[in-house]
Amino acid sequence: MLSAGPISLFYGKHLALDDVAVEVGAGETVVVLGANGAGKSSLLKAIAGLVRPVPGARNRLDDTDLIGMAAHRYLEQGIALVPEGRGIFGDLTVAENLELGAYTRHARPHETRQRDLVLDLFPRLGERQKQIARTMSGGEQQMLAIGRALMSCPRLLMLDEPSLGLAPIVTSELFAALGRIRETGIALLVVEQNVKASLAIAHRGYLMEAGRITGTGTADALRSDPAVQEAFLGASTPPTPLSNGVSP
Ligand code: ATP
């Protein structure tokens, strides 16, 4: 479905992405792991059309060539990004934020269906329809940001550090919801510091270092990779076996 790359990206003279290529199949959940500054956010922004890569980059969703399209048209094509920091409208209510999520031409006819899906996934948003978004907790705001993105009927939902700053119990709820979104058949591309929880919902993953992809594999293979364990899973001691359920 998504075939992105090779993509290179400069900020001034700084090469943030160096011939990076990732693929996400229909209905697949893919995680991108890497240290701070590896280029993960830049990769999502490039795929969402929010930054301009070096000419010659490729970024296709099925048969559609996305390169050169205006950023708002990416949403029309079915690519939604929940950025780090969430990007909701803080002064608007929950209901208004969700309504705005469905503003694109292809999403408008499905507004009711998508709202039902969002409220089923995040019942608290249903209870808080009239609440001003910025007065909600960090976890509730993240759920609203994901809900708003779902209102656009994405085929590919990209999430940048969705659990950042959330308490462990809220993080568990969030990953349980992501697991349910995965079951709806929406493809997910997720950047996360919480490697254990993200590998628990992912089919596959990529490792990123200094603007390059340095490894890729199934979630199981990555979880048992000594380099991943050492870098991300705190494994100087033997790794803790993962439970079947999703936990942070
Ligand atoms: P983090 O987890 O800390 O967000 P990341 O892996 O998402 O890191 P990016 O945010 O993509 O990494 O940043 C990659 C590199 O590009 C970093 O060195 C960063 O300082 C630099 N960078 C990111 N955005 C800009 C910008 N707007 N202008 C200049 N440099 C930038």
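In the structure, strand β3 (residues 29-34) and strand β8 run parallel and are joined by four bridges. Within this pairing, Val-31 has Val-190 as its bridge partner in β8. The model described here is predicted. A further parallel pairing of β8 is made with strand β7 (residues 156-160), over five bridges. In that pairing the partner of Leu-157 is Leu-188 of β8. Strand β8 is thus described here through its bridges to β3 and to β7.

Strand β8 comprises residues 187-191 and is mostly covered, five of its five residues being buried. In a regular strand, side chains alternate between the two faces of the sheet. For β8, cover is found on both faces. Ala-187, Leu-189 and Val-191 are buried on one side, and Leu-188 and Val-190 are buried on the other. The bridge partner of Val-31, Val-190, and the bridge partner of Leu-157, Leu-188, therefore both count among the buried residues, because each falls under 20% relative accessible area.

The connection from β7 to β8 involves helix α7 (residues 168-183), and the three elements make a right-handed β-α-β unit. Glu-183 lies in helix α7. With a relative accessibility of 58%, Glu-183 counts as exposed because the cut-off for that class is over 50%. The side chain of Glu-183 makes a polar contact of 3.0 Å with the side chain of Arg-182. Glu-183 is also placed 8.0 Å from Gly-27, C-alpha to C-alpha, although 156 residues separate the two in sequence.

The loop between β7 and α7 contains Glu-161. Glu-161 has a positive phi, near 50 degrees, and is a residue other than glycine. Its relative accessible area is 6%, so Glu-161 is classed as buried. A positive phi near 50 degrees is also found at Asp-62, likewise a residue other than glycine. Asp-62 is located in the loop between β4 and β5 (64-65). Asp-62 is partly exposed, because its relative accessible area is 38%.

The ligand is surrounded by 14 residues, and the closest are Gly-37, Gly-39, Lys-40, Ser-41 and Ser-42. By class, this shell holds four nonpolar, seven polar and three charged residues. Strand β2 (14-24) and helix α1 (40-47) each contribute at least two residues to the shell. Helix α1 gives the most, with three residues.

Contacts with oxygen atoms of the ligand involve both side-chain and backbone atoms of the protein. An N or O atom in the side chain of Ser-41 is 2.7 Å from a ligand oxygen atom. A polar backbone atom of Ala-38 lies 3.0 Å from an oxygen atom of the ligand. For His-14, a polar side-chain atom is found 3.3 Å from an oxygen atom of the ligand. The ligand taken alone exposes 620 Å², of which the protein buries 60%.

Helix α1 is largely enclosed by the rest of the structure, because six of its eight residues are buried. The buried residues are Lys-40, Ser-42, Leu-43, Leu-44, Ala-46 and Ile-47. Two of the names in this set, Lys-40 and Ser-42, also appear among the residues closest to the ligand. Residues three or four places apart in an α-helix point the same way, because there are 3.6 residues a turn. After α1 comes Gly-49, with a positive phi near 80 degrees.

A contact links Ile-47 of α1 to strand β4 (residues 59-61), in which Asn-59 is found. The backbone oxygen of Ile-47 is 3.1 Å from a polar atom of the Asn-59 side chain. Asn-59 counts as buried, because its relative accessibility is 1%.

A cis peptide bond is present between Gly-5 and Pro-6, with omega about 5 degrees. Pro-6 has its place in strand β1 (residues 2-11).

Conventions:
Residues are numbered from 1 along each chain as its sequence is written. This is a predicted model: local features need pLDDT of at least 70, side-chain atom pairs count only at pLDDT 80 or more; totals for chains, interfaces and linings use all residues. Side-chain values use heavy atoms; hydrogens and water are left out. A residue is near a molecule or strand if one of its heavy atoms lies within 4 Å of it. A polar contact is a pair of N or O atoms within 3.5 Å; within protein, one must be able to donate a hydrogen and the other to accept it, and residues adjacent in sequence count only if both atoms are side-chain atoms. Accessible areas come from the Shrake-Rupley method with a 1.4 Å probe; for residues, only the protein chains shown count as cover. Ala, Val, Leu, Ile, Met, Phe, Trp, Tyr, Cys and Pro count as nonpolar, Asp, Glu, Lys and Arg as charged, and the others, Gly among them, as polar. Buried means under 20% relative accessible area, exposed over 50%, partly exposed in between (1.4 Å probe, protein chains only). Two strands pair if DSSP finds at least two bridges between them. A crossover is right-handed if, with the strands pointing away from the viewer, the path from the first strand over the helix to the second runs clockwise.
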